Amino acid sequence: MELPFALAIGVLVAGAVYMLLARDLPRMLVGFVLLGTAANLLILLAGRVGGMTPPLVAAGMAAPGADAANPLPQALILTAIVIGFGLAAFALMLIVKARAVLGTVRPDEMAAAEPRAGAVSSPPTPPRALPPPRREAA
Amino acid sequence: MRPSLILRTSAPMLLWLSLLASLYVLVRGHNEPGGGFLGGLVAASGLLFHAIARGPEGVRTLLVLHPVQLSALGVLLAATSGLPAFLGPDGAYLTHLWWFAELGVTLPLGTALLFDLGVYLAVVGMAVAIFIGLLEWKAARAAATEGGE
Amino acid sequence: MSGIALALLVGAGGSAAMAFVPARLAAWLGAGLAASLCAFYAAHLGAVSTGAVPAAAFWGVPALDIAGGLRLDGLALLFALLITGIGALVFLYAGSYMAGDARLRRLLVMLGLFMTAMLGAVTADDAILLFIFWELTSLASFFLVGTNHQSPAARKAALQALLVTGGGGLALLAGLVLVAIAAGTTSISGMIAAAPAVLAHPAAEPAMLLVIAGAFAKSAQVPFHFWLPNAMAAPTPVSAYLHSATMVKLGVYLLARFNPLYQGVALWHELLMWAGLATAATGALLALRETDLKRVLAHTTVTGLGTLVMLIGIAPELSATAAVTFLLVHAFYKAALFLVVGIVDHETGSRDGAALGGLGRAMPLTAVAAGLAAFSMAGLPPFVGFVAKELLYEAKLGAGPASDVLIVLGFLINASMVAVAGVLSLRLFLGASRPTPETPHDPHWAMIAGPVLLALLGLAAGSMPALVADLVVEPAVRAILGRPVAVTLKLWHGFNLVLALSAATVLLGVVLFLAWERIVPGLRRAEAIDRFGPARFYERLLAGTISLAERCTGLVQHGHLHGYIATLFAATAIALLGTLAVRGGFDAPAFAFGALDPRALALVAIVVGVLATVLARSVLVAVMAMGLVGFAVSLLFLLFGAPDVAFTQFAVETLLVVILAAALVILPIATRDDRAPRRKLADAAVAILAGAAVTAVLLAVLATPFDPRLGAWFGANSYPAAHGRNVVNVILVDFRALDTLGEIMVLAIAAFAVVALLRRARTGDAR
């Protein structure tokens with residue numbers, strides 16, 4: 001199962017990167033979430049996968065059975081999922097707010113932070129006034 | 001868009017059902033699949049549903065505390081649950097203590113449950129804060145746009 | 001703590017103290033500090049002249065007699081005395097020269113720090129320590145040259161001085177590190193003791209050339225000589241101190257310090273001798289093109305430095321003696337002349353040698369000081385300058401096959417020095433007085449004290465050469481040669497070839513002096529000298545570096561997010577795959593269709609979901625497809641024995657889709673992916689590369705043996721130690737509870753941040 005599993009993770013990463021390379025923030029957010037999912041699966045596989053038995057200690061036993069899954073990656077992934085959710089939600093709010101303030105969800109159109117793309121000149125040039133943020137027509 | 005009658009009527013039932021389920025998931029988590037993270041998410045989904053049906057204000061009155069406060073309370077609870085460990089034999093922070101109460105059946109009580117409850121509250125608070133924050137912001141924007149035109 | 005280490009602390013502390021007192025007092029404080037340090041060093045004169053070497057070891061190998069740290073041998077002592085002695089006079093002078101100037105106190109503090117750094121550099125017996133102090137002097141000089149920072153010319157000159165000497169410092173560091181590796185120690189005396197090993201090392205020659213490059217940059221040797229005249233943008237006390245008496249001689253000091261190590265290497269001698277000669281000649285030629293007296297002095301300083309380097313290159317005993325004597329002489333007369341020019345500039349408002357004249361009547365004391373110093377410069381008896389020049393000629397005569405060239409060029413150079421000395425004394429102070437912007441008169445005594453004292457010292461040293469030889473010159477020569485020598489200095493050598501050369505020099509010098517008014521414009525018209533100067537090269541290099549940096553920055557910092565992301569992933573993927581390839585790939589796991597179980601269907605579902613996400617036309621569809629991936633992943637978790645994770649993933653996926661759907665009402669959900677097909681292909685290539693890299697690395701990881709100890713430990717201890725049957729939950733709430741605590745803090749902070757982010761909308765700030 002390891003080879004197809006690893007291939008599926010590769011596909012997931014490729015899809016995530018492709019979405020991250022899109023020119024609008026909502027698609028990038030989708031890529032971001034997918035990348036997190038890929039990372040979680042990667043942790044699971046790197047901790048080795050096998051049977052379907054969860055790492056639970058049965059009644060009367062002192063330890064999980066020999067065929068039980070590795071509990072450590074699971075603990076790591078579990079928190080990673082929830083943190084990833086918090087982060088994705090926060091990123092979404094940033095996008096929503098950016099859209100409200102700048103009127104766009106395309107990073108290339110968000111000119112407020114870097115007024116002149118690709119131009120950094122020698123120190124003595126006076127700072128240029130920032131153009132007003134773009135806004136939707138009322 | 002107003003939520004339908006069915007939605008509004010069924011919302012409280014769904015809410016209490018999911019809250020009950022979430023507490024069950026929380027408590028059994030130490031021995032069976034479940035725990036604070038999962039319980040918190042289950043509770044949050046119930047509250048989100050309630051927010052859709054009855055509006056963010058309904059959730060706010062229900063929670064009494066602001067969701068961010070709820071989240072912070074969870075962190076506080078989890079952090080303090082590690083303090084009694086200093087009374088224990090090895091005294092390392094967050095080493096949980098257990099007390100097996102014999103009340104007919106053996107009831108295992110431990111500070112680990114308090115810690116998990118903290119996790120639960122932190123997750124609930126976070127999810128609800130983001131969601132109702134978004135809903136309220138949308139409403140405020142809609143009102144502002146209408147007022148402006 | 002040893003005294004020589006304490007001296008540095010006192011210097012640094014005193015400099016800092018100057019920052020907290022009024023400027024006028026700070027000048028006195030600085031002069032007192034320098035004078036007491038000078039007295040401290042002078043107290044070592046007797047011991048050092050008899051061969052003692054006081055040291056303050058920070059570390060050492062006693063068995064090998066090696067001590068790294070500070071060391072005060074004859075050479076170091078000579079420099080320390082010059083630094084502190086001239087330093088005291090300069091502090092006094094500066095306090096009066098810049099009285100009332102708001103920048104005075106800052107200048108004084110920097111001067112004090114500079115003095116301390118210089119003392120550290122010359123007493124350091126550790127290569128790294130030497131380098132640190134070396135660069136500190138460069139930094140201090142940057143601030144001192146840039147004192148008048150409102151002037152663009154001063155700023156430019158300061159930057160130039162910093163880049164040239166600082167760049168040389170980097171070459172020096174590289175050279176010192178190479179030598180230290182070869183010698184097995186960073187102690188300089190240890191390096192010299194290990195000379196055979198250092199010279200036998202494969203990198204011995206590059207190391208030597210790097211050390212020479214550092215010294216040449218600092219001491220303004222050809223082709224780095226251009227920065228020194230430009231540094232005359234500094235106030236005169238700074239020029240007198242840094243650019244004639246001390247800092248520029250640090251390169252000479254370094255060469256002298258390392259001479260015992262390299263004195264067997266032919267290239268060392270050849271390079272130093274010819275470069276020094278070229279520098280001396282260049283300085284002499286350029287000095288005759290100038291009328292700005294400060295720049296004239298700067299060029300003659302270049303000549304003096306070149307002469308010193310040349311003498312170290314010639315190197316047998318006579319030449320080393322000549323070098324030390326000339327060093328001393330030069331410090332006396334050149335500092336005095338700088339200070340005199342500063343006084344003239346200060347009192348008349350002009351320092352144009354062509355326009356000034358006959359100042360002697362108005363400022364007699366200054367005239368006397370200038371005359372005494374200039375006579376020493378011209379090498380007239382009975383000044384110590386005469387002793388030095390006799391030695392110079394003797395050394396050149398003894399330089400072997402090259403002596404003819406050395407003598408002829410040296411003769412011309414010395415003659416032009418005589419002419420310049422005449423300009424600075426006779427022409428400036430005698431003859432008809434000419435109108436000046438301000439009415440000249442002798443300055444405050446604090447300003448005139450320096451040049452008078454220095455000029456008298458030149459006279460005194462000339463009249464008792466034996467004492468100077470024993471106390472100062474011989475210990476320094478011993479350090480340069482690394483062996484005991486006997487030095488005798490005499491004013492009168494009898495009638496011989498050297499005396500005839502001296503006389504001819506003075507004669508030609510007088511002729512040049514008389515023709516000065518015609519020579520200067522004549523040489524000025526020879527613009528070719530400017531065109532081929534290395535200053536042009538420096539300008540172009542600097543401009544080229546800046547434009548290259550701009551282009552690089554424009555290329556890398558282009559402001560397009562997708563470009564950054566693509567670079568990030570492509571670079572990571574290439575690094576991962578490259579590392580794998582270099583390590584010889586990995587063993588691909590065996591694969592058979594028969595081994596597949598139905599769980600593979602969940603993997604298929606993931607792939608289908610990813611394809612649907614990627615190909616989705618609208619964002620809404622992409623979000624839904626993403627949800628499909630999430631549910632397939634949660635199924636996968638369940639099937640691989642991770643029910644906790646599966647349920648959590650399921651719940652998160654549900655909540656995320658709900659929240660995204662709520663937010664998408666605000667966002668333009670129908671936005672099409674409007675990348676051009678060509679761009680899509682390029683992005684897909686990067687994406688596939690990244691995916692392939694992750695898969696390859698993962699397979700490589702899986703091919704390594706797995707260490708199950710950690711998981712097994714958690715499993716075995718979960719119930720007995722933590723009373724929980726769900727190992728995953730026990731890890732989260734007990735074994736690794738502190739991690740979990742940190743994670744829920746992140747969640748609480750995320751909640752707080754979202755609320756803060758969206759709050760302003762309610763106050764009606766953003767629409």
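This text follows a predicted model from one helix of chain C, through a pair of helices in that chain, to the contact with chain A.

Helix H2 of chain C covers residues 23–42. At 1.5 Å a residue, its 20 residues should span 28 Å, and the C-alpha atoms at its ends are 28 Å apart, so the expected and modelled lengths agree. Buried positions in H2(C) are C:Ala23, C:Ala26, C:Ala27, C:Leu29, C:Gly30, C:Ala31, C:Leu33, C:Ala34, C:Leu37, C:Cys38 and C:Tyr41. An α-helix has 3.6 residues a turn, so residues three or four places apart point the same way. The buried residues of H2(C) pack against three helices of chain C, namely H1 (3–18), H4 (74–97) and H5 (104–123).

Further along the chain, helix H16 (residues 317–348) of chain C meets helix H21 (residues 465–481) of chain C, their axes coming within 9 Å and crossing at roughly 125°. Angles from 65 to 115 degrees count as roughly perpendicular and those over 145 as roughly antiparallel, and H16(C) and H21(C) are therefore oblique to each other. The crossing is right-handed. On the H16(C) side, C:Glu317, C:Ala320, C:Thr321, C:Val324, C:Thr325 and C:Leu328 take part, facing C:Val472, C:Val473, C:Ala476, C:Val477, C:Ile480 and C:Leu481 of H21(C). By class, this contact comprises 9 nonpolar, 2 polar and 1 charged residues.

Between chains, the contact draws 95 residues from chain C and 84 residues from chain A. On the chain C side, helix H30 (residues 677–703) gives the most, with 14 residues. That side of chain C has 64 nonpolar, 20 polar and 11 charged residues.

Technical notes:
Residues numbered from 1 in each chain as written. Chains lettered and ligands numbered in written order. Predicted model: local features only at pLDDT ≥ 70, side-chain atom pairs only at ≥ 80, totals over all residues. Axes fitted to C-alpha atoms, helices over the stretch in contact; angles between N-to-C directions. Helix = DSSP H or I, 4+ residues; strand = E, 2+ residues; numbered from the N terminus. Parallel < 35°, antiparallel > 145°, perpendicular 65-115°, else oblique. Left-handed = near helix turned anticlockwise from the far one by under 90°. Contact = placed C-beta atoms within 7 Å. Nonpolar A, V, L, I, M, F, W, Y, C, P; charged D, E, K, R; others polar. Expected span 1.5 Å × (residues − 1). Buried ≥ 20, exposed ≤ 12 C-beta atoms within 10 Å, placed from the backbone.
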